[in-house]
Amino acid sequence: MERRISGRTGMFCLIGTPVGHSGSPAMYNYSFQKTGLDYAYLAYDIPLEKTEEAVQALEYLSRTEGIIPAIESAHAVAAALKIAPEMKLSDAAKLIGACNTVVVKDGKLYGNNTDGMGFVRNLKENGVDVKGKKMTIMGAGGAATAVQVQSALDGAVKISIFNRADEFYANAERTKAKIKEMLPECDVNVYPLEDTEKLYAEIKDSDILVNATKVGMKPLDGQSLIEDTSVFRPDLVVADVVYNPKETKFVQAAKAAGCKVAVGGIGMLLWQGAAAFKLFTGEDMPTDEVYELFFK
Ligand code: NAD
């Protein structure tokens, strides 16, 4: 790695807090080396109130020949826009209301959200296209919103969102309103997760069922929001966003019931990283090797 860095090496980075646990530096630096791209990726622990200064510094660096910073950040788009009101947002970032990947090109900032892209691509890799499909999606937090928006952008025709009566429920109503305005051809409805009768009725004529809540993730592992496993018909595509553990009780139960496609969240994680890599470099990430080394 040290021998690889030269006076012309371009820089990408993660800013946010905490960042110490992030797998992104290892994944991207390996990919740069593997593909022969002259870039390096570092993680910077920046508190939210210092983000503006950090972005300004990166913007300045982007004008310096040979240094092309890109920012991967968990901060909300509102914060990003406050920093750079002129930032150009992708449709997904606009609808989701958050961006996780900002690319600086020629001194201009481009905000994207790659989470939903990773979800849709992971389904594609498993032979499933969301286009023309009806989806039932449980959850209304960050990951769920990204999945809902990207699925609508990629042609899902009907999305039924279920969330429990917590602080995230209003997100689902906002997502419904935003999709209705920008993509009226996609019919979005929101229901309380507590209404299990409605949940099972919606799953019955859905093509794809998604768990996009934290249920199934440690310490909620061993739990699933689907108690009646008879809803898992063989042709129902089942997907989880949770990747820790790699196979949740939800996915295990779907597989045991005979669902032909039942996937966990690790593929979404891989493919959202690949989408960011493409935005950063214009090149394809070596996903097979990255999967073997960092995700298996
Ligand atoms: P969040 O805090 O934004 O949202 C949490 C969601 O879980 C809300 O909808 C909330 O209502 C729901 N929830 C929490 N506890 C619940 C319970 N006991 N019963 C029912 N619903 C409950 O979280 P997030 O950032 O959206 O993350 C959700 C999951 O997605 C996490 O496991 C996270 O690791 C995973 N994730 C995966 C990827 C990926 O690439 N695979 C990307 C982002 C997030």
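This passage looks at the nonpolar cores, one helix pair and a buried serine in a predicted model. Residues are numbered from 1 along each chain as its sequence is written, and side-chain values use heavy atoms, with hydrogens and water left out. Local features need pLDDT of at least 70 and side-chain atom pairs count only at pLDDT 80 or more, while totals for chains, interfaces and linings use all residues.

The largest nonpolar core (buried Ala, Val, Leu, Ile, Met, Phe, Trp, Tyr and Cys residues joined through side-chain atoms within 4.5 Å; buried means under 20% relative accessible area, with a 1.4 Å probe and protein chains only) has 34 residues. Phe 119, Met 135 and Ile 159 are among those with the most contacts inside this core. Helix H6, residues 142-153, gives the most to it, with 5 residues (helices are DSSP runs of H or I, at least four residues, and strands are E runs of at least two, numbered from the N terminus). A second, separate core of 20 residues includes Phe 12 and Phe 32.

Turning to the helix pair, H5 (residues 115-125) meets H10 (residues 266-281) through contacts (heavy atoms within 4.5 Å) that involve, among others, Phe 119 and Arg 121 in H5 and Trp 271 in H10.

Ser 206 sits in the loop between helix H8 and strand E10 and is buried, at 1% relative accessible area. Its side chain makes a polar contact (N or O atoms within 3.5 Å, one able to donate a hydrogen and the other to accept it; residues adjacent in sequence count only if both atoms are side-chain atoms) with the side chain of Thr 136, at 2.7 Å.

Key: Buried means under 20% relative accessible area, exposed over 50%, partly exposed in between (1.4 Å probe, protein chains only). Axes are lines fitted to C-alpha atoms, for helices over the stretch in contact, and angles run from 0 to 180 degrees between N-to-C directions.
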